[in-house]
Amino acid sequence: MATTQIETVSTSADKAKLAGAVLLAVGAIVAFYLLARQGSLVQWAALLVGLAAAVGAFASSESGRQLLAFGRDSWREVKKVVWPTRKETMQMTAYVFAFVAVMSVFLWLTDKTLEWVFFDLILGWRK
């Protein structure tokens with residue numbers, strides 16, 4: 001990743017922001033259920049506003065900033081991935097199907113051989 005790993009000590013203000021974010025999220029859910037008689041529009045508006053406030057409080061904390069930085073770095077790394085072409089994907093899929101077919105025949109033959117050895121030769125049972 002592009003950022004350096006620095007351990008930070010959580011301050012009391014940062015803990016208060018995280019606690020506030022949790023309280024806002026819980027409050028939004030409680031408001032959603034308490035406002036059931038007001039109509040679904042008011043219910044959903046209260047929920048969305050409360051959750052948006054909780055996300056804003058979390059994003060302003062050190063943990064939220066670290067999470068956002070991690071997300072940006074992850075997205076940057078995903079953009080660096082060289083994805084296979086359609087032809088390469090189809091070839092690899094065909095290889096996998098061929099391997100599965102060969103392995104299934106091999107395992108079937110192994111099973112039937114062991115069945116023949118144990119039941120016919122060793123135990124003498126006939127079907």
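What share of the contacts in the protein chain with a separation of 6 or more comes from residues 24 or more positions apart? The legends below take this up along with other views of the predicted model.

**View 1. Helices of the protein chain in the predicted model.** The secondary structure consists of four helices and zero strands. Read from the N terminus, the elements follow the order α-α-α-α.

**View 2. Contacts between residues of the protein chain.** Residues separated by 24 or more positions make up 54% of the contacts with a separation of 6 or more. Of the 127 residues in the protein chain, 11% count as buried.

**View 3. Dimensions of the protein chain.** The C-alpha trace extends over about 80 × 45 × 35 Å along its principal axes. The radius of gyration is 30 Å, whereas a compact globule of 127 residues would have one near 14 Å.

**View 4. Surface of the protein chain.** About 10500 Å² is exposed by the protein chain, and 72% of this area is supplied by carbon and sulfur atoms.

**View 5. A nonpolar patch on the surface.** The patch is formed by L114, W116, F118, F119, L121, I122, L123 and W125. Together these residues have about 860 Å² of accessible area.

**View 6. L114 in helix α4.** L114, one of the residues of the nonpolar patch, lies in helix α4, which covers residues 86–122. L114 counts as partly exposed because its relative accessibility is 44%, and the partly exposed class lies between under 20% for buried and over 50% for exposed.

Notes:
Residues numbered from 1 in each chain as written. Predicted model: local features only at pLDDT ≥ 70, side-chain atom pairs only at ≥ 80, totals over all residues. Heavy atoms only, no water. Patch = residues over 30% accessible without salt bridge, like charges linked within 9 Å, V, L, I, M, F, W, Y side chains within 5 Å. Areas by Shrake-Rupley, 256 points an atom, 1.4 Å probe, with all protein chains shown as cover. Salt bridge = Lys/Arg side-chain N within 4 Å of Asp/Glu carboxyl O. Helix = DSSP H or I, 4+ residues; strand = E, 2+ residues; numbered from the N terminus. Buried < 20%, exposed > 50% of the residue type's maximum accessible area, 1.4 Å probe, protein only. Rg over C-alpha atoms; globule rule 2.2 N^0.38 Å. Contact = heavy atoms within 4.5 Å.
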